[in-house]
Amino acid sequence: MLSKKANFGMFIGVISIGFFTLGGCSKDDDDPAPTNTSTKTYTLSASFATNCAGCHGSSGQGISGPKLQAYSKGEAAFTAVVRGGKGNMPAFTAEKYSDATIKSDLAELTK
Ligand code: HEC
C-alpha cells in the first residue's frame, strides 16, 4: 500500500503536468523545462506572461522557445523577431506586446 508521502508526491506531479499543459505552446515537446541556473531574478511584464512565457518561460529561462535571459543581440534584433515572428514563433503586434514593453522587458532580461 502507498504511504501518504508517495500519494502527495503523485499529487504534486499531476499538478505540475497540468501547469505545463496550460502553457499554450503548440510545439509537442516531452523534454522537461530546463532548470534556471541563473542567480538573477528576472521580473518580466504581465504582457510577457500572457504572450511569451508559454514558450520562453515566466522569467525568460526558455522552454520550447530559446532562453532570453542575457539576450545579447540587441533591441533591433529582438524587435524584429517579436514583430515578424521566426520559425515556430508567431509575430506579435504592438497591441499585444508594445514597443515600451519590448524596451522594459529587454532591459530586465539584459540587466
Ligand atoms: C509558440 C511559442 C513562442 C511564443 C508564444 C513566443 N516565442 Fe519567441 N521564440 C520561439 C521559438 C521557437 C524561437 C526560435 C525561432 C527560431 O530561431 O527559429 C523564438 C525566438 C525568439 C527570439 C529570438 C531569440 C534569439 O536568441 O535570437 C526572441 C527575442 C523571442 N523569441 C521573443 C519572444 C517574445 C518577446 C515573445 C512574446 C511577445 C515570444 N518570443 C513568444 C517560440 C515562441
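Which exposed residues does the face of α5 turned away from its buried side carry? Select D99, A100 and A107 to see them. Exposed means 12 or fewer other C-beta atoms within 10 Å of the residue's own, buried means 20 or more, and C-beta atoms are placed from the backbone.

Before going on, note that this is a predicted model: local features need pLDDT of at least 70, side-chain atom pairs count only at pLDDT 80 or more, and totals for chains, interfaces and linings use all residues. Residues are numbered from 1 along each chain as its sequence is written.

**Helix α5**

Select residues 99-109, helix α5. Helices are DSSP runs (H or I, at least four residues), numbered from the N terminus. The buried residues here are T101, I102, D105 and L109. Look down the axis: they fall within an arc of 100°, so they line one face of the helix. The arc is taken over directions from the helix axis to the C-beta atoms. Now show α2 (46-51) and α4, which are among what covers these buried residues.

**L109 and the core**

Centre on L109. Beyond residues up to four places away in sequence, L109 touches Y42, G60, L68, Q69 and Y71 (C-beta atoms within 7 Å). L109 also belongs to the largest nonpolar core, which has 9 residues, including F48, C52 and I63.

**The ligand**

Next, pick the ligand. Of the 21 residues around it, C52, C55, G65, G87 and M89 come nearest. Helices α3 (53-56) and α4 (75-84) each give two or more residues to this shell.

**Last stop: A46**

A46 lies in helix α2. A46 is exposed, with 9 other C-beta atoms within 10 Å.

How values were computed:
Near = placed C-beta within 6 Å. Contact = placed C-beta atoms within 7 Å. Core = buried A, V, L, I, M, F, W, Y, C linked by C-beta atoms within 7 Å.
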